[in-house]
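Hi everyone, thanks for making the time. I'd like to walk you through one model today, so let me put it up on the screen.

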Amino acid sequence: MLTGKQKRYLRSQAHHLNAIFQIGKGGLNDQLVRHINEAIEQRELLKVSVLNNCDEEPKELGPELAEAAEAELVQVIGRTIILYKESREHKQIELP
């Protein structure tokens with residue numbers, strides 16, 4: 001579980017990142033979760049964009065995606081979800 005200070009720090013780090021994955025009308029599926037798991041292991045901090053044609057709301061998708069990817073939900077802002085998971089092999093981010 002992340003503290004408020006850690007979430008603020010991660011939000012500042014994620015500000016300059018581009019969204020790598022997009023969730024569209026297909027919604028959340030196993031293949032997408034698997035790709036997100038692989039990417040988050042390499043990067044630790046990840047942005048996911050929710051497209052307008054997605055049936056689910058980003059506020060609902062965020063916690064589902066975080067649970068499926070076994071990651072921490074940092075923030076859902078607009079149609080963007082920010083996830084963090086500490087990498088086992090490629091640790092880059094040092095939390096305060």
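Let's start with a question: which residues point one way from E2, and which point the other way? Leu 45, Lys 47 and Ser 49 are on one side, while Leu 46, Val 48 and Val 50 are on the other. Whichever way they point, all of these residues are buried. Before I go on, please keep in mind that this is a predicted model.

So what does that say about the strand as a whole? With six of the six residues of E2 buried, the strand is largely enclosed by the rest of the structure.

Now for the neighbours of E2. Strand E1, residues 21-23, pairs with E2 in the parallel sense, over three bridges. If you want a spot to zoom in on, Phe 21 stands opposite Val 48 in E2. E4 also pairs with E2, here in the antiparallel sense and over five bridges. Val 48 turns up again in this pairing, with Ile 81 as its bridge partner in E4. So if you click on Val 48, you can look across to Phe 21 and also to Ile 81.

Let's stay with E4 for a moment. How many of its residues are buried? Four of the five, which leaves E4 mostly covered.

E4, residues 80-84, is also joined to strand E3, residues 72-77, and these two run antiparallel with five bridges between them. Along that pairing, Gln 75 stands opposite Ile 82 in E4, and Ile 77 has Thr 80 as its bridge partner. E3 and E4 form a hairpin with two residues between the strands. For those of you who like backbone torsions, Gly 78 in this hairpin takes a positive phi near 65°.

Finally, let's move to the surface and some charges. Which residues form the negative surface patch? They are Glu 57, Glu 60, Glu 64 and Glu 67. Glu 57 lies in the loop between strand E2, residues 45-50, and helix H3, residues 58-68. Glu 57 has a relative accessible area of 45%, so it counts as partly exposed, whereas the residues of E2 are buried.

That's my tour, and I'm happy to rotate the view for anyone who wants another look.

Notes. Residues are numbered from 1 along each chain as its sequence is written. This is a predicted model: local features need pLDDT of at least 70, side-chain atom pairs count only at pLDDT 80 or more; totals for chains, interfaces and linings use all residues. Side-chain values use heavy atoms; hydrogens and water are left out. Patches are made of residues with over 30% relative accessible area and no salt bridge: like charges are joined within 9 Å, nonpolar side chains (Val, Leu, Ile, Met, Phe, Trp, Tyr) within 5 Å. Accessible areas come from the Shrake-Rupley method with a 1.4 Å probe; for residues, only the protein chains shown count as cover. A salt bridge is a side-chain nitrogen of Lys or Arg within 4 Å of a carboxyl oxygen of Asp or Glu. Lys and Arg count as positive and Asp and Glu as negative; His and the chain ends are not counted. The place of a charge is taken as NZ of Lys, CZ of Arg, CG of Asp or CD of Glu. Buried means under 20% relative accessible area, exposed over 50%, partly exposed in between (1.4 Å probe, protein chains only). Two strands pair if DSSP finds at least two bridges between them.
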